[in-house]
Amino acid sequence: MSMLEDDKLKECKLIFDMFDEDKDELISINVLGDCLRICGAAPSQQELNKIIKKYENNKEEGISFEVFLKLLEKLLISQDSEEDLINEFTKIDHVGDGTITKSDLINLMSNYENPLSPEEIEDIMQEVNADENGYINIQRLVKLLLGKI
């Protein structure tokens with residue numbers, strides 16, 4: 001069962017079929033990125049390379065619609081999560097320049113619904129690379145938290 005609404009599912013199937021040049025119910029790994037983007041996903045080149053590496057030696061010589069749909073849904077969920085996190089961090093961006101302070105991050109992470117331990121917070125702090133004034137770039141932080149860096 002797909003998380004996509006029926007209209008979106010039908011649209012993606014039509015798009016998939018357009019990329020299925022030999023009508024064997026498979027698309028080439030070479031057109032996967034284009035097909036995903038047209039269906040609304042925005043995979044980074046790193047994400048796409050990871051997917052391609054995983055499926056490039058696939059016995060079927062292509063990607064089935066079922067596999068394509070799982071990839072698409074995973075990317076769409078990831079995009080939503082990324083947007084949600086950016087929105088949450090933007091709420092504490094007091095300057096409005098896409099950054100938060102280290103103390104804001106520590107406060108947020110310690111008082112979160114599922115608070116992080118001091119060690120986990122310290123690990124994140126070391127990886128986010130605050131600038132010389134102690135500010136952390138929200139976009140970079142979110143990518144780090146989602147494992148995209």
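**Exercise 1. Find out how accessible K13 is, and which residue pairs with K13.**

Step 1. Start with exposure: K13 has 25% relative accessibility and counts as partly exposed. Here buried means under 20% relative accessible area, exposed over 50%, and partly exposed in between (1.4 Å probe, protein chains only).

Step 2. Before going on, a word on the model: it is predicted, so local features need pLDDT of at least 70 and side-chain atom pairs count only at pLDDT 80 or more, while totals for chains, interfaces and linings use all residues. Residues are numbered from 1 along each chain as its sequence is written, and side-chain values use heavy atoms, with hydrogens and water left out.

Step 3. Now look for the partner: K13 and D17 form a salt bridge through their side chains, at 2.9 Å from N to O. A salt bridge is a side-chain nitrogen of Lys or Arg within 4 Å of a carboxyl oxygen of Asp or Glu.

Step 4. Check the partner's exposure: D17 has a relative accessible area of 24% and is partly exposed.

Step 5. Place the pair: D17 and K13 are about one helical turn apart, because they sit 4 residues from each other in helix α1 (residues 6-19). Helices (H or I, at least four residues) are DSSP runs, numbered from the N terminus.

**Exercise 2. Describe the salt bridge between E66 and K70.**

Step 1. The closest N and O atoms of E66 and K70 are 3.6 Å apart.

Step 2. Both residues belong to helix α4 (residues 65-90), with a spacing of 4 residues, about one turn of the helix.

Step 3. E66 is exposed at 55% relative accessible area, and K70 is exposed at 54%.

**Exercise 3. Describe the bridge between K91 and E88, then find the network.**

Step 1. K91 and E88 meet through their side chains in a salt bridge of 2.9 Å, N to O.

Step 2. K91 is exposed, at 62% relative accessible area, whereas E88 is partly exposed, at 44%.

Step 3. For the network, return to K13: salt bridges with shared partners link K13, D17 and E25 into one network.

Step 4. To close the count, the structure holds 4 salt bridges.

**Exercise 4. Locate E127 and describe its surroundings.**

Step 1. E127 lies in helix α6 (residues 118-128).

Step 2. With 45% relative accessibility, E127 is partly exposed.

Methods. Helix = DSSP H or I, 4+ residues; strand = E, 2+ residues; numbered from the N terminus.
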